[in-house]
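User: Could you walk me through this model and show how each label is earned? I would like to see the values set against the cut-offs.

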Amino acid sequence: VTVTETLQFLFHRNPDGDAKPWCHVLKDGKLTWEYCDVPPCSTCGLRQYKQPQFRIKGGLFTDITSHPWQAAIFVKNKRAPGERFLCGGVLIGSCWVLSAAHCFLERFPPDHVKVVLGRTYRVVPGEAEQTFEIEKYIIHKEFDDDTYDNDIALLQLRSDSKQCAQESSSVSTACLPDPNLQLPDWTECELSGYGKHEQTSPFFSERLKEAHVRLYPSSRCTSQNLFNKTVTDNMLCAGDTRSGGSQNLHDACQ
């Protein structure tokens, strides 16, 4: 165990809730203490629980504590009272949620958008959920709504302080990868969201789901292999490689 790891461990073992963690040190041959000037250790990507799963067509039912970074984004209805589910998102910082640019093609006013964290059931409030209005949303300036190139958006949560989301068993941030990360072919990846059971389903799932896919080699991620759809350098291909009929395969569409 390195000194840094020990100090970071002490940060979470701060016994009296003081402003900083403190450490025992030797000074002039005597044991005393002083504040340790160390940054908080990161807790991104950690789940406190892994709940039982229930297999369904198009994924597995799961619980928000298995995916505490999952966000549900809602928008006010235009011509009727109430709101509707818009898209999923991922909490990547206390005040930032990552989502898809194509969800915001209608250019909703920011005060019509709401983000809910900590919710297992899409339209049923959770016991410990956290709800936020948003300050703004940012769509990638080079998003192409024909090809879906650069399909990425950021939502800034609104708060009266620098802290927005409060970490709990059902709310936590996902870890961001290094900018130049290259994952090997066939790496297994995890999906989560409130997606439809089938692409033709009229409704989204009422409960959070998860699925697993593998990254395809670049040789298979080409327009020729994907019904002439445009594939750019900003894209990757992933799919369910399990055997069986295509009607049972899992993916992230819809």
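**How the labels are earned**

Analyst: Happy to. The accessible surface of the protein comes to about 16,400 Å², and carbon and sulfur atoms hold 51% of that area. Please keep in mind that this is a predicted model.

User: Thanks! What makes up the secondary structure of the protein, and in which pattern along the sequence?

Analyst: There are one helix and 13 strands. Read along the sequence, the pattern is α-β-β-β-β-β-β-β-β-β-β-β-β-β. Of the 254 residues, 33% are buried. Among contacts with a separation of 6 or more, 58% are between residues 24 or more positions apart.

User: How do you know that strand 1 and strand 2 pair, and in which sense?

Analyst: Pairing needs at least two bridges between the strands. Strand 1 (residues 22-27) and strand 2 (residues 30-35) have six bridges in the antiparallel sense, so the pair meets the requirement. As one example, His24 has Trp33 in strand 2 as its bridge partner. The two strands form a hairpin with two residues between them, and Asp28 in the turn has a positive phi of about 55°.

User: Why is the link between Cys87 and Cys103 called a disulfide, and what is its handedness?

Analyst: The cut-off is a pair of cysteine sulfur atoms within 2.5 Å. Here the S to S distance is 1.8 Å, so the pair qualifies as a disulfide. The torsion about the S-S bond is about -70°, so this disulfide is left-handed. The pair links distant parts of the chain, 16 residues apart: Cys87 is in strand 6 (residues 83-93), while Cys103 is in the loop between strand 7 (96-99) and strand 8. Both Cys87 and Cys103 are buried. A search of the whole structure finds four disulfides.

User: What makes the disulfide of Cys95 and Cys164 right-handed or left-handed, and which parts does the pair tie together?

Analyst: The torsion about the S-S bond of Cys95 and Cys164 is about 95°, so the disulfide is right-handed. Cys95 lies in the loop between strand 6 and strand 7, and Cys164 in the loop between strand 10 (153-157) and strand 11 (188-193), so the pair ties together parts that are 69 residues apart in sequence. The S to S distance is 1.9 Å, within the 2.5 Å cut-off. Cys95 and Cys164 are both buried.

User: Why do Cys221 and Cys237 count as buried or exposed?

Analyst: Buried means under 20% relative accessible area. Cys221 has 12% relative accessibility, so Cys221 counts as buried. Cys237 has 11%, so Cys237 is buried too. Their sulfur atoms are 2.1 Å apart and form a disulfide. The torsion about the S-S bond is about 70°, which means that the disulfide is right-handed. Both Cys221 and Cys237 lie in the loop between strand 12 (209-215) and strand 13 (238-239), so the pair ties together parts that are 16 residues apart in sequence.

User: And why is Val124 called buried, exposed or partly exposed?

Analyst: The buried class ends at 20% and the exposed class starts over 50%, with partly exposed in between. Val124 has a relative accessible area of 44%, so Val124 is partly exposed. Val124 is in the loop between strand 8 (113-117) and strand 9 (130-139). Together with Tyr121 and Val123, Val124 makes a nonpolar surface patch of about 260 Å². A patch residue needs over 30% relative accessible area, and the 44% of Val124 meets that cut-off.

Notes: Residues numbered from 1 in each chain as written. Predicted model: local features only at pLDDT ≥ 70, side-chain atom pairs only at ≥ 80, totals over all residues. Heavy atoms only, no water. Helix = DSSP H or I, 4+ residues; strand = E, 2+ residues; numbered from the N terminus. Patch = residues over 30% accessible without salt bridge, like charges linked within 9 Å, V, L, I, M, F, W, Y side chains within 5 Å. Areas by Shrake-Rupley, 256 points an atom, 1.4 Å probe, with all protein chains shown as cover. Salt bridge = Lys/Arg side-chain N within 4 Å of Asp/Glu carboxyl O. Buried < 20%, exposed > 50% of the residue type's maximum accessible area, 1.4 Å probe, protein only. Contact = heavy atoms within 4.5 Å.
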